[in-house]
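This note is intended for a colleague meeting the structure for the first time. Please read the points below with the sequence and the model at hand.

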Amino acid sequence: MTDMTREELQASLKEHIPEAAFDDGGQWPVMNLPAEAWTAWARPLKEDPLYRMDYLFCLTAVDWKTHLTMVYHMRSLSLGHTLVAKVRLDRTTPRVRTVCDIWRTAELLEREVRELFGVEFLEHPDPRNLILPDVWEGYPLRKDYEDPVNMIKL
């Protein structure tokens with residue numbers, strides 16, 4: 001199978017995932033999904049022969065002050081196409097199911113996002129901190145985080 005064009009990939013995803021909305025522009029197709037739809041579609045995106053998103057190469061979060069957005073960058077190494085999935089989360093209780101059982105690279109990345117943004121990854125096997133001491137309070141990459149030592153205020 002050959003690499004789908006951006007337009008073909010987006011059209012196929014729209015057909016198969018009715019909950020998906022797409023952003024225009026950018027280097028790769030950007031698919032916006034509710035958290036429930038992301039949970040339902042993450043594994044099929046990896047395993048479906050049409051997509052084969054077998055490489056999760058970036059996972060992070062963005063704080064928009066009103067909500068958080070999880071951002072997942074995936075690539076099919078065999079088919080050559082790339083996709084970005086964005087999942088909007090409630091800012092007060094940001095939760096989404098882990099994908100580390102689907103893409104092993106997510107295990108440490110989810111731990112980092114949990115620690116720095118406060119996102120709870122449901123069913124994550126090891127949610128310990130990677131960087132900060134266990135006694136740390138707050139989430140340093142959130143826009144409302146106040147650092148009493150460095151007086152950072154965004």
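1. Which residues of helix 3 are buried? The model is a predicted one, and in it the buried residues of helix 3 are A106, E107, E110, R111, V113, E115, L116 and F117. These buried residues have strand 3, strand 4 and strand 7 (120-122) as their packing partners.

2. The dimensions of helix 3 also deserve a remark. The helix runs over residues 106-117, twelve residues, and spans 15 Å from its first C-alpha to its last. This is close to the 16 Å expected at 1.5 Å a residue. Just after helix 3 comes G118, with a positive phi of about 85°.

3. Helix 1 (residues 6-16) may be considered next. Its buried residues are L9, Q10, S12 and L13. They lie on the same side of helix 1, because the arc they cover around the axis is only 165°. The face turned away from this buried side carries E7 and E15, which are exposed. As for the surroundings, the buried residues of helix 1 pack against strand 1 (21-23), strand 2 (30-34), helix 2 and strand 5.

4. T82 is a residue of strand 5. T82 counts as buried because its relative accessibility is 5%, and buried means under 20%. Its side chain is joined to that of R75 by a polar contact of 2.5 Å. With neighbours within four places in sequence left aside, T82 is in contact with L9, W28, P29, M53, F57, M74 and R75. Of these, L9 has already appeared among the buried residues of helix 1.

5. Where does S76 lie? It is located in the loop between strand 4 (67-75) and strand 5 (82-90). Although placed in a loop, S76 has a relative accessibility of 0% and therefore counts as buried. A polar atom of the S76 side chain lies 3.1 Å from the backbone oxygen of R52. Apart from neighbours within four places in sequence, the residues in contact with S76 are Y51, R52, M53, D54 and H81.

6. R52, the partner of S76 in that pair of atoms, belongs to the loop between helix 2 (35-47) and strand 3 (55-63). R52 is partly exposed, since its relative accessible area is 31%. Its backbone merits attention: R52 is not a glycine, yet it has a positive phi of about 45°. K65 presents a further case, with a positive phi of about 70° although it is not a glycine. K65 is placed in the loop between strand 3 and strand 4. Such values are worth noting because most residues other than glycine have a negative phi.

7. How many disulfides does the model contain? The count comes to zero. C58 takes part in no disulfide, and the nearest cysteine sulfur, that of C100, is 16 Å away. This distance is too far for a bond, because a disulfide requires sulfur atoms within 2.5 Å. As to accessibility, C58 is partly exposed, with a relative accessible area of 27%, whereas C100 is buried, at 10%.

8. For a second reading, two places may serve as starting points. One is S76, with the backbone oxygen of R52 at 3.1 Å from a polar atom of its side chain. The other is strand 5, where T82 is found and against which the buried residues of helix 1 pack.

Note on methods:
Residues are numbered from 1 along each chain as its sequence is written. This is a predicted model: local features need pLDDT of at least 70, side-chain atom pairs count only at pLDDT 80 or more; totals for chains, interfaces and linings use all residues. Side-chain values use heavy atoms; hydrogens and water are left out. Helices (H or I, at least four residues) and strands (E, at least two) are DSSP runs, numbered from the N terminus. Buried means under 20% relative accessible area, exposed over 50%, partly exposed in between (1.4 Å probe, protein chains only). A polar contact is a pair of N or O atoms within 3.5 Å; within protein, one must be able to donate a hydrogen and the other to accept it, and residues adjacent in sequence count only if both atoms are side-chain atoms. Contact means heavy atoms within 4.5 Å. The expected span of a helix is 1.5 Å times one less than its number of residues. The arc is that of the directions from the helix axis to the C-beta atoms.
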